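User: Hi! I've got a structure open and would love a quick chat about it. Could you take a look with me?

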Amino acid sequence: MTATSTRDVGGPTGGEGADQASALNDRYGAPIKRKQRRPAPWPVELYRSGLGKKYVMAITGIALMGFVFAHMVGNLKMFLGPASFNEYGEFLRELLVPILPHHVALWLMRIGLIVAFVLHIHASYALTRMNRQARTVRYQSRQDYAAATYASRTMRWSGVIVGLFLVWHLFDLSWTGTGAPFYRGDPYTNTDNSLSRIPVAVLYIVANLALGLHLFHGSWSLFQSMGWNNPRFNRWRRNFAWTFAAIIVIGNVSFPIAVLAGVVDV
Amino acid sequence: MTVTDPDPREATAARTDPGRTLDVTLKVWRQAGPDAEGHFATYEAPGISEDMSFLEMLDVVNERLADEGVEPISFDHDCREGICGTCSLMINGQAHGPERGTATCQLHMRTFSDGDTIVIEPFRATAFPIIKDLMVDRAAFDRIVEAGGYITVAAGSAPDANLIPVPKVVADAAMDAAACIACGACVAACPNSAANLFTAAKAAHLNLLPQGQSQRYQRTETMVDTMEDFFGSCTNHGECEAACPKEISIDFIATMNKDYLRAKLKNRRYLSRNG
């Protein structure tokens, strides 16, 4: 905070001798954000740092990538017909049932996902604030990017789109339905009813393209954030990223298209 | 006697021939002082030799401005051979201009075309306050180096050469990191104003070598923590690597991330120490 409060101190010609030197030191080279905080256990200390938040972004990102992949693969059951698809939905509720009571395994996974989402969003919010503080006066001419991709520069927006879509998606096919006839416990019919509406199908496609962009940068970026950098596999990192993003987008976009095309029909 | 050597007067004439010249228009950021309001000023710069470096072009423009009684443009420069890291400038939205792997002083006017408009802005980051016009203060980098850019050695008599074996590949990698001239282009080019490439290079050139091992994790932690007091965070755009006049790889950032996590795990193990 000192940097802003000392901006009124006289410039290089303002003071005399030692005063001038200290005024310069106050103005230049003073930290723009240093907070005194009580020492905490090391995971908290790690999370307080920007690099630690990037680790959290990467680890929660991997967890969410695992979910997105499993969700897409599970939904492919749609192509095997209503019995198969609904049976799969029931299987998720009965997961690990002789060991755990009904729904418990599913809820444990859901809690893990909620924690991952919350941490992913909080870390990105905190890092964005940190970045904004680091350049309070923006460039007055247009910056000419040489390496940054469209995906990397729009992570914030693709993330927000996916987040908002997620809320809609939960209302649409898990909680209440969004206008189309909704039958609890019959996901096949619900999917068909909802995605038969063209604007909804378009929404699903657009949201999944945003998800694809987000994954294209995120699933490469996580290797750097985690420090997974080795000449032996570096050339595979980009390939992994676009392959993973493509698989998710093609799989997920196939569902609204299949419904509209009548492949999935009650 | 047959004359075989070329006439020295002809050689001189050839050297002073300006060759192809360009007429360019400059849009330059002018700012009288740290707290003054800045603006873009437009200057015509006709008859610029394509063999001039970008800074020589600015020298010529400044001579003309001085003749006209206009305050010359302030900009940072020193060695003018790409090794000191003093020159800066955002040229047409790119740190050190469009040429890859060069500092502004190594950028030549032949890169531009006749009639071009060239926009020149100072490096912008909260930690790089503008002193005047295109000059910025990069003292924040000194704070990061102070935090860990040193090693512990026995400061007695000079040690024998090659006393500590260093594998060639490791020495090469450390040298790649040590090529950093601390110009600040990585920060200027980064959409987040992050200094991770600078800090990673400064940490790696000591952390890779045997001489740097005793303070490796302490160094990584203190340098990163100091960096985060001033700069933004890395989102792996790769802009820094593209802008770096020394073409330092973002691989070093990954190494720094790995060392930082290890540091957080290791540095808590100082037994019997509280705080």
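User: Which residues does Leu197(B) touch, leaving out those up to four places away in sequence?

Analyst: Happy to help! This is a predicted model. In it, Leu197(B) touches Cys186(B), Cys240(B), Glu241(B), Cys244(B), Ile248(B), Ile250(B) and Ile253(B).

User: And which residues touch the most other members of the largest nonpolar core?

Analyst: Leu197(B) shows up again, together with Cys186(B) and Val187(B). That core has 107 residues.

User: Which helix gives the most to this core?

Analyst: Helix 10 of chain A, residues 198–225, with 10 residues. From chain B, the core draws at least three residues from each of domain 1 (11–132) and domain 2 (138–269).

User: Nice. How far apart are the C-alpha centres of those two domains of chain B?

Analyst: They lie 30 Å apart. The contact between them takes 17 residues from domain 1 of chain B and 16 from domain 2 of chain B. On the domain 1 side, 9 are nonpolar, 7 polar and 1 charged.

User: Switching to the chains: how many residues does each give to the contact?

Analyst: Chain A gives 46 residues and chain B gives 52.

User: Which helix has the largest share on the chain A side?

Analyst: Helix 6 of chain A, with 5 residues. Other elements giving two or more residues there include helix 3 (42–48) and helix 4 (50–75) of chain A.

User: What's the class make-up of that side?

Analyst: The side of chain A that touches chain B has 19 nonpolar, 16 polar and 11 charged residues.

Definitions and conventions
Residues are numbered from 1 along each chain as its sequence is written. Chains are lettered from A and ligands numbered from 1 in the order in which they are written. This is a predicted model: local features need pLDDT of at least 70, side-chain atom pairs count only at pLDDT 80 or more; totals for chains, interfaces and linings use all residues. Domain bounds come from an automatic or database domain assignment. Two residues are in contact if their C-beta atoms, placed from the backbone, lie within 7 Å. Ala, Val, Leu, Ile, Met, Phe, Trp, Tyr, Cys and Pro count as nonpolar, Asp, Glu, Lys and Arg as charged, and the others, Gly among them, as polar. A nonpolar core is a set of buried Ala, Val, Leu, Ile, Met, Phe, Trp, Tyr and Cys residues joined through C-beta atoms within 7 Å. A residue is buried if 20 or more other C-beta atoms lie within 10 Å of its own, exposed if 12 or fewer, and partly exposed in between; C-beta atoms are placed from the backbone. Helices (H or I, at least four residues) and strands (E, at least two) are DSSP runs, numbered from the N terminus.
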